[in-house]
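Dear colleague,

I am passing a structure on to you, with the sequence alongside, and would be glad if you could read the notes below with the model open.

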Amino acid sequence: MRDLAPEAGRVLVLTRQDVAALLDLPACIAAVERAFRLHGEGRTAGPGVLGVPVTGGGFHIKAGVLELARPYFAAKTNANFPDNPERHGLPTIQGVIVLADATRGTPLAVMDSMEITTLRTAAATAVAARHLARRDAQIATIAGCGTQGRMQLRAIRTVCAVSRVYAYDRDRVVAERFARELAAELGIAVERTPDLPAAARASDVIVTCTPAREPILGPDDVRPGTFVAAVGADHPEKHEIAPALLAASRVVVDVLEQAATFGDLHHALAAGALTRADVHAELGAVVAGSKPGRRRAEETFVFDSTGMALQDVAAAAAVYERAIAAGRGLAVLLGA
């Protein structure tokens, strides 16, 4: 299993269990921050995205290239079917990532994308919070208590000294389980709340990761100085943040073109609440230092996170390199 170099013509197949064993949250945050920095420095090609809607859900393909230990290309194909858990007992999101050598085009690995998607999405929030949240942030609200909500809280805790959390979900049982289990895991106070606006007004950090199609947060729900990570709007019909809240905040996006097409930003643009020129920065520019992050305690920031392909490239490359070092995975001769 050690002979997994591309010269051998083998492609490494990695399961979700493999990915989970090989990539932890701190490593993913570091990889994603590097990807944002390279993007902000103009050292990457523009990432690509393609969406294909179908009945009951849809597919999206995100692809990009990063110059890391070697030039890597990765393309992720994810299926998103919101009714899967209730109707079929299947995850909402399923998919794969193909990783290749970007110099020669040689396929290197095929790996499950679910763990990477969960980790890299939360990692982007952690990177944004490191630059945009107040240093004294202690109270957080998580809206949407599924798998992503759990990872978002873990990620926030790596960069903010959060000691109290409000958990909101339209399913009371899900929120209560979240509160109970995350409080035990993290050793902090986590409580379910049925009142999202009240919890948000009491918070320094708010993360929304819901399938909402109408705004769940408005300008009266967020106090000055708050950092909001809007994670759920990964489709043009999804909508978590009211245009008026974006207009009243400094808006930072992962990729401007994406956010203007299917993030919360695109609803604000359509409503005339702000223009593309009103967007403060892409996160990469903030990480690279060409645009400022937080400068005053009273600034309110909204990070519109739509999922940048370069996050997937960075995370997949880290998984692959660790798999090679550990001798993990199944090597397949595709051309045999």
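What follows is a short account of the sheet, the helices that lie across it, and the two pockets.

Please bear in mind that this is a predicted model. Its open sheet is made of eight strands, paired in parallel and ordered β9-β8-β7-β10-β11-β14-β12-β13, with β9 (189-192) and β13 (281-282) as the edge strands, each of which pairs on one side only. Within this sheet, β10 (residues 205-208) and β11 (residues 227-230) run parallel and are joined by four bridges, and V205 stands opposite F227 in β11.

Two helices can be placed against these strands. Helix α4 (residues 114-132) lies across β10, β11, β12 (250-253) and β14 (301-304), at about 160° to β11, whereas helix α6 (residues 172-186) lies across β7 (139-143), β8 (164-168) and β9, at about 170° to β9.

Both of these helices also contribute to the largest pocket, each giving two or more residues to its lining, and α4 gives the most, with five. The largest pocket holds about 1600 Å³ of space; 46 residues line it, and T92, G146, T147, C209 and P211 are the closest to its centre. By class, its lining comprises 15 nonpolar, 17 polar and 14 charged residues.

The second largest pocket, with a volume of about 440 Å³, is lined by 22 residues, with G58, F59, D234, H235 and P236 nearest its centre. Here β2 (48-54) gives the most to the lining, with six residues, and the lining divides into nine nonpolar, nine polar and four charged residues.

With best wishes

Terms used: Residues numbered from 1 in each chain as written. Predicted model: local features only at pLDDT ≥ 70, side-chain atom pairs only at ≥ 80, totals over all residues. Heavy atoms only, no water. Pairing = 2+ DSSP bridges. Contact = heavy atoms within 4.5 Å. Axes fitted to C-alpha atoms, helices over the stretch in contact; angles between N-to-C directions. 1 Å grid on protein atoms, 1.4 Å probe; cavity = no way out; pocket = protein on both sides within 12 Å on 5 of 7 lines; lining within 4 Å. Points joined across faces, edges and corners; volume = space filled by probe spheres on them. Nonpolar A, V, L, I, M, F, W, Y, C, P; charged D, E, K, R; others polar.
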